[in-house]
Amino acid sequence: MADTLIDARSLYKSFGQTQAVTGIDLQVAAGEIYGLVGPDGAGKTTLMRLLCGALTPDSGDAWIGGYSIRQQNDRAREQIGYLAQRSSLYEELTVEENVRFFAEVRGLRPAQWFPRSQELLQFVGLEPFRQRRAGQLSGGMKQKLGLALALIHKPRILLLDEPTTGVDPVTRQDFWRLILPLLRHSPLAVLASTPYMDEALRCTRIGFLRAGQLIREGLPAALRQPLHGRILDLVGNPAALITAIARADPGVETVDRFGSHFHVRVAPGEADAVCRRLVESIRSAGGRVDSLVPVEPQLEDVFLELATP
Ligand SMILES: Nc1ncnc2c1ncn2[C@@H]1O[C@H](COP(=O)(O)OP(=O)(O)O)[C@@H](O)[C@H]1O
Ligand SMILES: [Mg+2]
C-alpha cells in the first residue's frame with residue numbers, strides 16, 4: 001500500500017521469560033482505524049509502546065510514516081500521537097497547563113500551540129474547563145484531554161491504547177464520535193486497542209491478538225463469516241442444567257452465557273440436529289427452553305472462538 005503509515009515487520013519483545021510480542025507484522029494505511037482486540041496480557045500495550053518508540057524491539061523493525069523506529073527513532077516518534085493506557089496527564093496542572101506542557105515537549109512555540117490548543121479543546125469539549133486541574137476531571141474528560149494532547153502536533157498516526165476502558169457507555173460513544181471526523185479531515189492512520197466488541201465494530205479493520213501474536217485480522221464482516229449459521233441463541237433455565245446438557249451434546253463446540261442468553265456454537269452443518277436434541281433433552285430433564293434460534297455471529301463469538309486455545 002502506498003499510504004501505509006504503520007508498517008511493522010516481525011516485531012519481537014520479551015520481558016525476562018515473558019514473550020510479550022512474538023513476531024508481529026502489521027500494516028495500517030492512512031484513512032484506516034485498525035482495532036486491536038485481545039484479552040489482558042495479550043501484548044496490546046507492548047505493541048503500542050514498540051510502535052511509538054518507547055520500547056526497543058528485541059528484533060524486527062517498524063516504519064512509522066516511513067521512518068524506522070530503530071534507525072530514525074526521533075523522526076518516527078514525531079509522526080505519532082499516543083494516548084497511553086495509563087494516563088500521562090499531570091493531575092496538579094490545569095487543562096491549559098497540560099496542553100502547554102505537551103506542546104512544548106513537542107517543540108511547539110506559543111504562537112503555534114495557543115491557537116491549536118483552543119481549536120483542540122473546543123473539539124473535545126473541554127474549552128469551558130481550561131482552568132480546571134486535570135485531577136478534578138471525570139474519567140471521560142481525562143481521556144478527551146489525553147486525545148487533545150495526542151493531537152497537539154498534528155500527527156499522521158494516532159495510537160490509542162484502550163482509550164475508553166473504565167469510561168461510562170455514553171462517554172465511550174462521545175469519544176468515538178470524536179475519532180471518526182478526524183479521518184475525514186486528514187488522512188490519519190489510527191490504531192486503537194479495545195476490549196469492547198462494539199467499539200471494534202466501528203473500526204475499518206480488526207486484528208485479534210493472543211499471547212503476543214496477531215492470530216487473525218480482517219474486515220469485521222469477514223471475521224464473522226466462518227461462524228455463519230453456527231451460533232444458536234438459547235433462552236431458558238435453569239442455567240446449570242442447560243449448560244451441562246449443551247456441553248454434553250456431540251454437535252456442540254462451546255457454550256457461553258451472555259446475561260440471560262446462551263450462545264451455543266455448533267460444528268458446521270449441525271445446527272438443526274443440535275436444536276432438536278437440545279430442546280428434547282432439556283425439557284425431558286425438567287428444564288425450560290423459551291427460545292432457541294440461529295443468530296448472526298457477533299464479534300464476541302469470533303473472539304471467544306479465537307481466545308480459547
Ligand atoms: N515492563 C514489563 N515488564 C515485565 N513484563 C511486562 C512488562 N510489560 C508487559 N509485560 C508482560 O507482557 C505481557 C503483555 O502485556 P501487555 O502488553 O501489557 O498486554 P495487554 O496490553 O494486552 O494487556 C504480559 O504478560 C505482561 O505481564
Ligand atoms: Mg494494555
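Which strand and E8 pair in the parallel sense over five bridges, with residues 33-37 making up that strand? Some notes on that and the rest of the model follow.

1. The opening question first: the partner is strand E3, which runs parallel to E8 with five bridges between them. If you want a spot to click on, take Tyr-34, whose bridge partner in E8 is Leu-191.

2. Before you read too much into any of this, remember that you're looking at a predicted model. Confidence is good to know up front: the protein chain has an average pLDDT of 92, and 98% of the residues score at least 70. Strand E1 (residues 4-15) comes out highest, at a mean of 98, while helix H11 (residues 299-307) is lowest, at 76.

3. Back to E8 (residues 189-194). Six of its six residues are buried, so the rest of the structure largely encloses this strand. In a regular strand, side chains alternate between the two faces of the sheet. For E8 both faces are covered: Ala-189, Leu-191 and Ser-193 sit on one side, with Val-190, Ala-192 and Thr-194 on the other, and all are buried.

4. E8 also pairs with E7, again in the parallel sense and over five bridges. Two pairs of residues help you find the register: Leu-158 stands opposite Val-190, and Leu-160 stands opposite Ala-192.

5. How is E7 itself placed, buried or exposed? Strand E7 (residues 157-161) is mostly covered, with five of its five residues buried. One side carries Ile-157, Leu-159 and Asp-161, the other Leu-158 and Leu-160, and every one of them is buried. Note that Asp-161 is in that buried set.

6. E7 has another parallel partner in strand E6 (residues 80-83), over four bridges. Here Leu-83 has Leu-160 of E7 as its bridge partner, and Leu-160 is also the residue opposite Ala-192 in E8. As for the route from E7 to E8, helix H6 (residues 169-185) goes with the two strands to make a right-handed β-α-β unit.

7. Now the ligand. Around ligand 1 you'll find Phe-15, Thr-18, Ala-20 and Gly-38, along with the run Asp-40, Gly-41, Ala-42, Gly-43, Lys-44, Thr-45 and Thr-46. Strand E2 (18-29) and helix H1 (44-51) are the elements that give two or more residues to this shell. H1 contributes the most, with three. By class, the shell has six polar, three nonpolar and two charged residues.

8. There's also an open sheet of four strands, and this one is antiparallel, with the order E12-E13-E11-E14. Its edges are strand E12 (252-258) and strand E14 (288-294), each pairing on one side only. Neighbouring strands in this sheet are turned by 25° against each other on average, direction ignored.

9. Within that sheet, E12 and strand E13 (residues 261-266) pair in the antiparallel sense over six bridges. To locate the pairing on screen, look for Phe-258, whose bridge partner in E13 is His-261.

Notes
Residues numbered from 1 in each chain as written. Chains lettered and ligands numbered in written order. Predicted model: local features only at pLDDT ≥ 70, side-chain atom pairs only at ≥ 80, totals over all residues. Near = placed C-beta within 6 Å. Nonpolar A, V, L, I, M, F, W, Y, C, P; charged D, E, K, R; others polar. Buried ≥ 20, exposed ≤ 12 C-beta atoms within 10 Å, placed from the backbone. Pairing = 2+ DSSP bridges. Right-handed = clockwise from strand over helix to strand, strands pointing away. pLDDT = per-residue confidence, 0-100. Axes fitted to C-alpha atoms, helices over the stretch in contact; angles between N-to-C directions.
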